[in-house]
Amino acid sequence: MANLVARTPCEGLLPVTIGSVTLSEVVIERMAAVAPFKGKEGAVSAALKEACDIVFPAPNRTSSKGDARAVWAGQGRANVIGCDLPDLSGLAAVTDQGDGVAAVKIEGDGAEAVLARLVPLDLRAATFKRGHTARSLVNHMAASITRLGPKSFEVMVMRSMAQTLVHELTEAAEGVAARG
Amino acid sequence: MRLICPHCGERDRREFTYQGAAEILDRPSREVGNDDWADYLHLRENPAGETKDMWYHDPCGAWIVVHRDTVTHAVHSGELASEVRK
């Protein structure tokens, strides 16, 4: 049997610091997409509450407790990370995403300015607060963007897009840094 | 142009993909004749003014009926196609 070496999506690419911004990888070892069946959102939320102390998030919101978190991921869908899911049979369609997602944390004074170059949204703190999430684009690539703190965001894309994401963020950060 | 996603709010047009006229939601019953089906499949209005069409919000996966004006370019509203169809 060949000796297979597990690599994280952004291995060898991150971390990197450019100007006032640091890009680092958020390793997501396992993620599940949870899509409640019609009318079952409340029941799914209750089951998540009991098992992981999180709820099924409203659109554009996240729910988190310790390592467990649920990130709204589009119409009727949330990605659950960092906890063992309860049995949701009959309540929701659950799709294991494995480690198929690449996530990058972008933090620093220039984080908003860097994302402003790539994302067609107002991500400033007044409108996009901690715990808010958005499905949008990073340049031409669909992505999930979440605010983690006053100066930090997480950007999530499909794992196959890891290198593209790092490239886009790096280039934007260099542009921001060049302006001083 | 900025379109309205019922989930995400007003978003840039680049996040959306156009499908066609919202008449596609008014599917005739199986029993009606070939003429009605041909109309449903092939005939479209080409309005100067108020129009409703289907857009897909790519990042969030919602089908939306957008009510807009082809003359003034105003975008009036966006509704979930699943709600409109009820």
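A residue is buried if 20 or more other C-beta atoms lie within 10 Å of its own. That cut-off helps in reading the legends below, which describe close-up views of a predicted model.

**View 1. Phe56(A) in its loop.** Phe56(A) sits in the loop that links α1 and β4 of chain A. Is Phe56(A) buried or exposed? With 25 C-beta neighbours inside 10 Å, Phe56(A) counts as buried. Setting aside residues within four places in sequence, the contacts of Phe56(A) are Pro36(A), Glu41(A), Val44(A), Ser45(A), Leu48(A), Ala70(A) and Ala78(A). For a sense of scale, 25 Å separate the C-alpha atom of Phe56(A) from that of Val138(A), a residue 82 places away along the chain.

**View 2. Helix α1 of chain A and its two sides.** Helix α1 of chain A runs over residues 41-52. At 1.5 Å a residue, its 12 residues should span 16 Å, and the end C-alpha atoms are indeed 16 Å apart. Which residues of α1(A) are buried? They are Val44(A), Ala47(A), Leu48(A) and Cys52(A). These buried residues cover an arc of only 100 degrees around the axis, which puts them on the same side of α1(A). A general rule is helpful here: an α-helix has 3.6 residues a turn, so residues three or four places apart point the same way. The buried residues of α1(A) pack against four strands of chain A, namely β3 (31-36), β4 (62-65), β5 (68-72) and β7 (92-98). On the face turned away from this buried side you will find the exposed residues Gly42(A) and Glu50(A). Just past the helix, Asp53(A) adopts a positive phi of about 60 degrees.

**View 3. Helix α3 of chain A and what it packs against.** Helix α3 of chain A covers residues 162-178. Its 17 residues, at 1.5 Å each, should span 24 Å, in agreement with the 24 Å between its end C-alpha atoms. The buried residues here are Ala162(A), Leu165(A), Val166(A), Glu168(A), Leu169(A), Ala172(A), Ala173(A) and Val176(A). Looking down the axis of α3(A), the buried residues fall within an arc of 165 degrees, so they line one face of the helix. What do they pack against? Their partners in chain A are β1 (16-18), β2 (21-26), β8 (101-108), α2 (111-116), β9 and β11 (152-158).

**View 4. The largest nonpolar core.** This core has 63 residues, and those touching the most other members are Val104(A), Ile106(A), Val114(A), Val155(A), Leu165(A) and Leu169(A). α3(A) supplies the largest share, seven residues. Domain 1 (16-28 + 100-178) and domain 2 (31-98) of chain A both give residues to the core, so it lies between them. Val114(A) is a good residue to zoom in on: leaving out residues up to four places away in sequence, Val114(A) touches Val21(A), Ile106(A), Leu169(A), Ala172(A), Ala173(A) and Val176(A).

**View 5. Where the two domains of chain A meet.** Chain A is divided into domain 1 (16-28 + 100-178) and domain 2 (31-98), and their centres, taken over C-alpha atoms, are 23 Å apart. How many residues of each domain take part in the contact? Domain 1 brings 10 residues and domain 2 brings 11. On the side of domain 1 that touches domain 2, the elements giving two or more residues are β9 (133-138) and β10 (141-149) of chain A. β9(A) gives the most, with three residues. By class, this side of domain 1 has three nonpolar, six polar and one charged residues.

**View 6. The contact of chain A with chain B.** The contact takes 10 residues from chain A and 10 residues from chain B. On the chain A side, β9(A) gives the most, with four residues. That side divides into five nonpolar, four polar and one charged residues.

**View 7. Chain B and the loop of Glu45(B).** Chain B has two helices and six strands, arranged along the sequence as β-β-β-α-β-β-β-α. Its C-alpha trace spans about 40 × 30 × 20 Å along the principal axes. Of the 86 residues of chain B, 21% count as buried. Glu45(B) lies in the loop between α1 (34-42) and β4 (50-57) of chain B, and with 8 C-beta neighbours inside 10 Å, Glu45(B) counts as exposed. The C-alpha atoms of Glu45(B) and Trp63(B) are separated by 21 Å, with their positions 18 residues apart along the chain.

Technical notes: Residues are numbered from 1 along each chain as its sequence is written. Chains are lettered from A and ligands numbered from 1 in the order in which they are written. This is a predicted model: local features need pLDDT of at least 70, side-chain atom pairs count only at pLDDT 80 or more; totals for chains, interfaces and linings use all residues. Domain bounds come from an automatic or database domain assignment. Two residues are in contact if their C-beta atoms, placed from the backbone, lie within 7 Å. Ala, Val, Leu, Ile, Met, Phe, Trp, Tyr, Cys and Pro count as nonpolar, Asp, Glu, Lys and Arg as charged, and the others, Gly among them, as polar. The expected span of a helix is 1.5 Å times one less than its number of residues. A residue is buried if 20 or more other C-beta atoms lie within 10 Å of its own, exposed if 12 or fewer, and partly exposed in between; C-beta atoms are placed from the backbone. The arc is that of the directions from the helix axis to the C-beta atoms. A nonpolar core is a set of buried Ala, Val, Leu, Ile, Met, Phe, Trp, Tyr and Cys residues joined through C-beta atoms within 7 Å.
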